[in-house]
Amino acid sequence: NNPAHVFLAIAMAHVGLADAFNLMGYLELLPPREAFPRAKAAANRALELDESLGEAHVSLAYGLHYFYWDWAAAEREFLRGLTLNDGYAQGHLWYANRLVCNGEFERAIAQVRRSLELDPLSLINSLALGWAFFLMRRFGEAVEQIRPTRDLDRSFAVSHWWLGWAYTFAGRLDDAVRSLEEGASISGRYPPVIAALGFARA
């Protein structure tokens, strides 16, 4: 029982906890004002145990970006995390989200492509590339990226949701409604999918 390995395992457990709370806050499965402070506390605890843990810096950056709106600190933490662990696919994906929100689309696409190099079977990484095209108003490319990802696993509701948005803005409204109806059914009528469906129908 190497103590260093034990501390690393405990630190990574806190990273996992931070990421769970981050995503629950982002998806509003918990109230964000409850979820994100708990994520921040877990990420900081991981860093107390191992300051060189890139994943912990990324977890901290996620909340700084999405909840605390401290974008300068988020940028520093993302870059610190990815410098420490360039092989962290989720880190590149989450950093791409920050870049997209800042309008830095080409840099964001480069980050998503890096995440796909590291984890080519990840559905969410593949969808993120399509979503970047969508936000750049390249709606046809968004459809072509998202649709085959949807077909890999039709039980993944996010792909129907994002494909529905891409179809809507590409002017393919019947396809959009069908995609979003399927996504609504699979997701248990998750409110953002229902909102997108209402928009497409309108």
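Buried here means under 20% relative accessible area, exposed means over 50%, and partly exposed lies in between (1.4 Å probe, protein chains only). By that yardstick helix 3 is mostly covered, with 12 of its 13 residues buried. This is a predicted model, so local features need pLDDT of at least 70, side-chain atom pairs count only at pLDDT 80 or more, and totals for chains, interfaces and linings use all residues. Residues are numbered from 1 along each chain as its sequence is written, and side-chain values use heavy atoms, leaving out hydrogens and water.

**Helix 3**

- Helices are DSSP runs (H or I, at least four residues), numbered from the N terminus.
- Helix 3 covers residues 54-66, and its end C-alpha atoms are 19 Å apart, in agreement with the 18 Å span expected for 13 residues; that expectation is 1.5 Å times one less than the number of residues.
- Its buried residues include Gly54, His57, Leu60 and His65.
- They pack against helix 1 (3-26), helix 2 (32-49), helix 4 (71-84) and helix 5 (89-101), where contact means heavy atoms within 4.5 Å.

**Aromatic pairs**

- The whole structure holds 18 aromatic pairs; rings of Phe, Tyr and Trp (its six-membered ring) pair if their centres lie within 6.5 Å, and planes under 30 degrees apart count as stacked, over 60 as edge-to-face and the rest as tilted.
- Tyrosine 62 and tyrosine 66 make a tilted pair, 4.7 Å centre to centre with 45° between the planes.
- These two tyrosines are four residues apart in helix 3, so about one helical turn separates them.
- Tyrosine 62 is buried at 2% relative accessible area, while tyrosine 66 is partly exposed at 22%.
- Phenylalanine 139 and phenylalanine 169 are also tilted, at 5.5 Å and 35°.
- Because phenylalanine 139 lies in helix 8 (residues 139-152) and phenylalanine 169 in helix 9, their pair ties together parts 30 residues apart in sequence.
- Ring pairs join a cluster that includes Phe139, Trp161, Phe169 and Phe199.

**Threonine 168**

- Threonine 168 belongs to helix 9 (residues 157-169) and is buried, at 11% relative accessible area.
- A polar atom of its side chain lies 2.7 Å from the backbone oxygen of glycine 164.
- Leaving aside neighbours within four places in sequence, threonine 168 contacts Leu173, Ala176, Phe199 and Ala200.

Methods
A polar contact is a pair of N or O atoms within 3.5 Å; within protein, one must be able to donate a hydrogen and the other to accept it, and residues adjacent in sequence count only if both atoms are side-chain atoms.
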